[in-house]
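Visitor: I have the model open and would like to walk through it with you. Could we take it one question at a time?

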Number of protein chains: 2
Amino acid sequence: MTMNWKTVAIIGVGLIGGSIGMAIRARKVARRVVGIGRNAGSLATAKRRQAVDRVTTDIAQGVQDADLVIVCTPVDTIASISREAARHCRPGTMMTDVGSTKKAIVDQLDGNLGEVRFVGSHPIAGSEQAGPEHARADLFQGRVVVLTPTRRSAPGDVAALQRFWEDLGARTIHKSPAAHDRALASSSHLPHLVASVLAAATPSAYLPLVGTGWESTTRIAAGDSELWRQIIAHNRQNILQSLDRFIQRLSVMREALAADDQRTIQRILETGRQKRGAVGS
Amino acid sequence: MTMNWKTVAIIGVGLIGGSIGMAIRARKVARRVVGIGRNAGSLATAKRRQAVDRVTTDIAQGVQDADLVIVCTPVDTIASISREAARHCRPGTMMTDVGSTKKAIVDQLDGNLGEVRFVGSHPIAGSEQAGPEHARADLFQGRVVVLTPTRRSAPGDVAALQRFWEDLGARTIHKSPAAHDRALASSSHLPHLVASVLAAATPSAYLPLVGTGWESTTRIAAGDSELWRQIIAHNRQNILQSLDRFIQRLSVMREALAADDQRTIQRILETGRQKRGAVGS
């Protein structure tokens with residue numbers, strides 16, 4: 001593989017940013033990776049784990065030589081940090097983000113960064129764990145990355161970014177920012193919310209009696225609650241619609257239980273089994 | 001460890017029955033394990049995997065020498081199979097089951113098996129997988145087994161059964177059948193139902209966009225839908241109450257989303273995070 005990039009700057013070296021750095025280095029996708037962050041401990045961990053070649057807390061210094069900047073901060077800060085970083089980039093620098101929501105972010109950045117070329121990304125990868133200590137070079141292997149180009153995006157930029165993620169082992173698909181947010185409301189944000197409410201609703205006295213079922217179903221509820229509060233706030237209207245559909249489906253199950261309608265209960269369980277089986281573990 | 005049992009008969013050599021056999025043999029808890037079932041393929045797999053010493057499709061023959069019989073069939077058939085097996089057991093034989101619900105089963109068997117001594121069990125272990133091909137000797141290691149003795153149970157029988165499960169690596173707790181069913185409605189049956197409805201409610205078009213979060217949250221929906229229909233039917237009233245409480249909590253989240261009440265959203269996410277964190281992975 002040829003080195004497609006000279007210097008990649010990663011702003012925010014947590015689980016995702018750190019994993020991007022490790023994947024870039026493992027697959028020799030760039031000559032140099034710079035890690036930028038505010039937390040000296042996270043930067044030191046990223047450096048120690050060789051997720052990045054060098055680290056800095058100074059955004060201006062960190063991005064000045066980059067030909068690709070990837071913003072991996074919580075969704076509430078992506079737009080402002082991207083704008084700040086863009087002021088210090090060379091003309092023509094590519095920029096993307098990894099936010100779990102896209103419309104609010106892309107609306108603020110698309111065509112608004114002067115000579116810096118922004119296209120949004122969302123790698124659908126991660127876990128309930130956080131921080132560069134959990135970063136893994138194979139986090140994106142076989143995972144989907146959604147690119148969210150707009151009419152303003154240059155096709156060459158989109159192609160370059162697509163190649164970048166594919167070089168990291170991911171499969172890419174393209175969606176508009178709005179279509180991305182509608183889909184992710186159902187495929188990611190609603191499951192998180194359901195897992196959180198299910199865990200929160202379990203009486204403490206029954207926690208010693210949970211098995212692997214409860215453990216799986218609530219696993220993502222262990223994620224950082226502030227990061228998820230921001231994601232949910234960004235995509236509130238779509239999540240509200242997904243949640244209403246889910247409550248409606250749950251009410252069908254509730255009525256079937258109340259009526260002892262075994263056929264409907266079986267049908268819902270079987271539909272769930274088939275959809276789950278279509279995805280694999 | 002001394003061999004506490006001479007012959008253990010396991011009726012139903014699927015994931016749980018097969019794992020009991022493997023654990024008995026790995027830990028030398030009995031001299032001989034007999035596997036009893038209707039499906040010749042499952043029996044052959046259990047034998048090949050050395051989960052049992054010998055197999056038979058004849059219940060009478062299978063249980064005649066047993067000093068412990070463990071009924072591991074779907075919950076709808078446990079009572080009738082236990083009664084049939086009891087007719088062919090020697091006086092004084094111990095019998096238990098591994099059903100995920102207890103009240104309906106124990107009500108039918110407790111004190112009703114003549115000279116056979118029945119105490120209900122529920123090992124809270126398993127997975128979305130089924131069949132002896134997925135059995136594991138360590139399935140019960142560190143897991144909780146609920147014993148459900150009643151006023152009719154002889155303390156010596158309960159102690160012997162507790163020792164049996166502990167010999168397999170499990171921790172045991174005692175609950176009445178009714179208290180067991182109330183607790184499991186929240187800690188196991190509701191999560192299964194929620195996972196199934198969530199998987200069923202995900203639009204097929206969005207399945208390519210699911211990540212590890214959806215995968216965890218819906219994992220148990222891949223389980224056998226007929227087995228779960230039976231479990232849900234057995235514990236319908238308790239599950240209905242748990243489901244109503246869950247829908248009520250979900251409605252609080254829904255109203256917080258509609259009102260953009262970030263504080264309440266954050267509070268629910270944080271409560272979920274703490275309860276999930278209390279359990280571990």
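Guide: Gladly, and let us start where the two chains meet. Please keep in mind that this is a predicted model. Across the interface of chain A and chain B, the rule finds 6 salt bridges.

Visitor: Which residue of chain B forms a salt bridge with A:Glu215?

Guide: Side chains of opposite charge can pair when their charged atoms come close. For A:Glu215 the closest N and O atoms of the pair are 3.2 Å apart, and a salt bridge is counted within 4 Å. The partner in chain B is B:Arg143.

Visitor: How much area is buried between chain A and chain B?

Guide: The size of an interface is often given as the accessible area lost when the parts come together. Here 82 residues of chain A are in contact with 82 residues of chain B. In chain A, the residues that lose the most area to chain B are A:Leu209, A:Leu257 and A:Arg276, together 10% of what that side buries. Carbon and sulfur atoms give 68% of the total, which is about 7,500 Å².

Visitor: Let us turn to salt bridges inside chain B. How many residues apart in sequence are the parts tied together by B:Arg152 and B:Asp110?

Guide: The closest N and O atoms of this salt bridge are 3.4 Å apart. B:Arg152 lies in the loop between S8 and helix H6 of chain B, while B:Asp110 lies in the loop between helix H5 and strand S6 of chain B, so the pair ties together parts that are separated in sequence by 42 residues.

Visitor: Is B:Asp110 buried or exposed?

Guide: Its partner B:Arg152 counts as exposed, at 62% relative accessibility. B:Asp110 has a relative accessible area of 10%, and the cut-off is under 20%. B:Asp110 is therefore buried.

Visitor: Which residue meets B:Arg117 in a salt bridge?

Guide: The N to O distance is 2.9 Å. The pair links distant parts of the chain, 40 residues apart, with B:Arg117 in strand S6 of chain B and its partner in helix H6 of chain B. B:Arg117 is partly exposed at 37% relative accessible area, whereas the partner is buried at 9%. That partner is B:Asp157.

Visitor: By about how much of a helix are B:Glu226 and B:Arg229 separated?

Guide: Their side chains meet in a salt bridge of 2.9 Å, N to O. Both belong to helix H9 of chain B, and because they are 3 residues apart there, the separation is about one helical turn.

Visitor: Now the sheet in chain A: which strands stand at the edges?

Guide: This open sheet of 3 strands has the order S7-S8-S9, with mixed pairing. The edge strands each have a single partner strand, so one side of each is left without a neighbour in the sheet; they are S7 and S9 of chain A.

Visitor: Which residue in S8(A) stands opposite A:His122?

Guide: S7(A) and strand S8 of chain A run antiparallel and are joined by 4 bridges. Opposite A:His122, in S8(A), stands A:Val146.

Visitor: One last stop, A:Ala51. What is its relative accessible area?

Guide: A:Ala51 sits in the loop between helix H2 and strand S3 of chain A. Beyond its neighbours within four places in sequence, its contacts include A:Met22, A:Arg25 and A:Val33. A:Ala51 is buried, and its relative accessible area is 1%.

Note on methods
Residues numbered from 1 in each chain as written. Chains lettered and ligands numbered in written order. Predicted model: local features only at pLDDT ≥ 70, side-chain atom pairs only at ≥ 80, totals over all residues. Heavy atoms only, no water. Helix = DSSP H or I, 4+ residues; strand = E, 2+ residues; numbered from the N terminus. Buried < 20%, exposed > 50% of the residue type's maximum accessible area, 1.4 Å probe, protein only. Contact = heavy atoms within 4.5 Å. Pairing = 2+ DSSP bridges. Buried area = accessible area lost by both parts, 1.4 Å probe.
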